[in-house]
Amino acid sequence: MEIGREDEIVDMSMSPPSIGSMKIAGSNDFGHKKEFISQAYLPNRNSEIDIQVEGSSINQNGPLPIFLKFEDVEYKIRNSQAASNNPVKTMVSKVATQLTMDDDRYKKILKGITGSVGPGEMLALMGPSGSGKTTLLRVIGGRLLDNVKGKITYNDVQYTPAVKRRIGFVTQEDVLFPQLTVEETLVFSAFLRLPTNMSKQQKYAKVESTVKELGLERCRNTKIGGGYLKGISGGERKRTSIGYEILVDPSLLLLDEPTSGLDSTSANKLLLTLQGLAKAGRTIITTIHQPSSRIFRMFDKLLMISGGYPVYYGKARESMEYFSSLRFIPEIPMNPAEFLLDLATGQLNDISVPTDILEDQENSDPSKAVIKYLQLKYKALLEPNEKENHRVANTPEHLQLAIQVKKEWTLSWFDQFVILSRRTFRARSKDYFDKLRLVQAIGVALLLGLLWWKSSTNTEAQLRDQVGLTFYICIFWTSSCIFGAVYVFPFEKFYLIKERKADMYRLSVYYACSTLCDMVAHVFYPTIFMVILYFMAGFKRTVACFFLTLFTVLLIAITSQGAGELFGATVMSIKRAGMAASLILMLFLLTGGYYVQHIPKFMRWLKYLSFMYYGFRLLLKVQYSGDQLYDCESEGGCRTLQSSPAFDTVNLKGGLKEVWVLLAMALCFRLLAYLCLRRRIDVCN
């Protein structure tokens, strides 16, 4: 297909051409009557799929049909020595690899896997742990693009950003906001992802139908929970994760170990749900470790992987016949999935094995010989027929055109901002209005108010005490706001990566919502703190001075929040973010202008990087006037505050340039934080 025609493409998933539609009559390969690949060992049996052109059109309310083909898929990663961060190891590795082949520097995870699956079908990826099931799923879903070889097509079209938005991916870990209820989770997802031509009532109706379809009515108003927060059960959480994806009618739904951690009843209900989703016209691929015999029978196709190599591909219900034709027969009644996994791992207990395979293998491992034999039989019997099917079966042209339509953002920047800010505030409201934080702010304010009760500036000692209180206010809110912001992005990293991979919203929208919503706490608690402390400590009792002092403290808090976001976005690690914040805070504390006023020249540049230095100076200028007299009862008589040693490096008569410096720092920190966040998230994607 020519690239030049892409601009002429219209969204045919919603209104396909009248030439016809696909009618699936059988359960499959792609296209025209073609012998099913696994029939190489059963010559008298056929399994077909007919793609018939009729006068009817594709179901406009259903997902766009996707026929997935993957052929000779390989994936490799660098060996740990080659990817070492240690310069010595890297140098030694480079010298060593000059004499070795490229394969020695890479480890192959997938080693030539071929298969196909169409709408209305469920393909199960089975194999022992570490066999490459999840890796293959991520490659198919476009989550892994580097170091991938082979051919993967969706309706005979290569992977593109347009294809990406038609794929739903349910990870093994349920990445959901614990503070939101099931219904809130689905509603916010619907409003962010569904197209703008749907009304609010239609979006709510879509959520309602999804809740009923997945059997979530009983827990719809229960919080997701997790960790120390009690919430819904594991099965309900998994169904919520699936609902999160199927709200937008993905054509291809990928699931990684959906039954992991569920009991047999919950797992069976979940697979029945997936079976219903497949019958609605979706193409479903799921990894599964060891399903029950009842669940095993629900799968249409099975791909068995062992050590990155395929050992079986075909209909799930015919897998036992295939291995029986190779003379691998269970000696006792056995779950088919258990039997297949034993073969894939080379465990031969209670399994009859052809004697000729083990001949001349006295000095080798029998399990490796069996696995090698199964790989060779797959290459000889199954793979050639499947590759032939790929060449013969072609997807209708209108489906090839439809899948190339790139779905633009469903909402404008402002609409995304409104919806996401509501969700962010709802998800973090418990942290914003935490009783412990309120008690801390009020308690510290009362304690400081009692310690500095009705303080004055009559003497040098009293002035020094009040200046010390001013610096402590800077320390308290700088540290509180930095540590309140530094963990936000590391904690929400997995939520952000998941939703960005699904193209739910722009990263700039997320950052704006996060920083503005967090300002609620960074404004609320300092305000309560200063209202209590200001009048207890004996600061200037004028309206202008009070509001200027409050404004200065809030400016310090907001600048500190930006610094915390920058540290968190730079490292994206909870442990390292806290360590970095502690070190930087200590540096700012020492260069803030209170402990050391006369810093050596070669270290003096550090104070200009410290927003605590500018915040402390601004508080002093707001609170004190250089012409104000004090120490009048001393022998020397009254002196001006400017002559006090406490203000040697501060010109109290100077302008308020510190305000502009702090505002510039607050903006620069946030801009750098956003750029760092974009870089780290793009790397993860």
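In the predicted model, three strands form an open sheet. Their order is β2-β1-β4, and the pairing is antiparallel. Strands β2 (106-117) and β4 (148-154) are the edge strands, each pairing on one side only. From one strand to the next, the twist averages 20°. Nine bridges join β1 (residues 68-78) to β2 in the antiparallel sense. Within this pairing, glutamate 74 of the one strand stands opposite lysine 111 in β2. A helix covers part of this arrangement: α12 (residues 366-392) packs on the sheet and touches β1 and β2. The direction of α12 makes about 60° with that of β2.

The contact between helix and sheet also includes charged side chains. Lysine 387 forms a salt bridge with aspartate 72, and the closest N and O atoms are 2.9 Å apart. Lysine 387 belongs to helix α12 and aspartate 72 to strand β1. The two residues are 315 apart, so the pair links distant parts of the chain. Lysine 387 is buried, with a relative accessible area of 17%. Aspartate 72 counts as partly exposed, at 28% relative accessibility. This salt bridge is part of a network that links Asp72, Lys379, Glu383 and Lys387.

A search of the whole structure finds 22 salt bridges. Two others are described here. Aspartate 174 forms a salt bridge with lysine 238, with the closest N and O atoms 3.2 Å apart. This pair, too, links distant parts of the chain, 64 residues apart. Aspartate 174 lies in the loop between β5 (167-170) and α4 (182-193). Lysine 238 lies in helix α6 (residues 234-246). The aspartate is partly exposed, with a relative accessible area of 24%. Lysine 238 is buried, at 1% relative accessibility.

The side chains of glutamate 492 and arginine 428 also meet in a salt bridge, at 2.8 Å from N to O. Glutamate 492 sits in the loop between α17 (488-491) and α18 (493-501), whereas arginine 428 sits in helix α14 (residues 413-432). The pair therefore ties together parts that are 64 residues apart in sequence. Glutamate 492 and arginine 428 are both buried.

Strand β8 (residues 301-306) lies in the interior. Six of its six residues are buried, so the strand is largely enclosed by the rest of the structure. In a regular strand, side chains alternate between the two faces of the sheet. Both faces of β8 are covered. On one side, Lys301, Leu303 and Ile305 are buried. On the other, Leu302, Met304 and Ser306 are buried as well.

Strand β8 pairs with β3 and with β9. Four bridges join β3 (residues 122-126) to β8, and these strands run parallel. Methionine 126 has methionine 304 in β8 as its bridge partner. The pairing of β8 with β9 (residues 309-315) is antiparallel and extends over six bridges. Here the bridge partner of leucine 303 is tyrosine 313 in β9. Strands β8 and β9 form a hairpin with two residues between the strands. In this hairpin, glycine 307 takes a positive phi near 60°.

On the surface, Phe425, Phe433, Leu438 and Phe524 make a nonpolar patch of about 330 Å². Phenylalanine 433 lies in the loop between α14 and α15 (435-451). With 44% relative accessibility, phenylalanine 433 counts as partly exposed.

For the chain as a whole, there are 23 helices and 13 strands. Of its 685 residues, 52% count as buried. The chain exposes about 32,000 Å², and carbon and sulfur atoms supply 56% of this area. Among contacts between residues at least 6 apart in sequence, 78% join residues at least 24 apart.

Note on methods:
Residues are numbered from 1 along each chain as its sequence is written. This is a predicted model: local features need pLDDT of at least 70, side-chain atom pairs count only at pLDDT 80 or more; totals for chains, interfaces and linings use all residues. Side-chain values use heavy atoms; hydrogens and water are left out. Buried means under 20% relative accessible area, exposed over 50%, partly exposed in between (1.4 Å probe, protein chains only). Contact means heavy atoms within 4.5 Å. Accessible areas come from the Shrake-Rupley method with a 1.4 Å probe; for residues, only the protein chains shown count as cover. Two strands pair if DSSP finds at least two bridges between them. Axes are lines fitted to C-alpha atoms, for helices over the stretch in contact, and angles run from 0 to 180 degrees between N-to-C directions. A salt bridge is a side-chain nitrogen of Lys or Arg within 4 Å of a carboxyl oxygen of Asp or Glu. Patches are made of residues with over 30% relative accessible area and no salt bridge: like charges are joined within 9 Å, nonpolar side chains (Val, Leu, Ile, Met, Phe, Trp, Tyr) within 5 Å.
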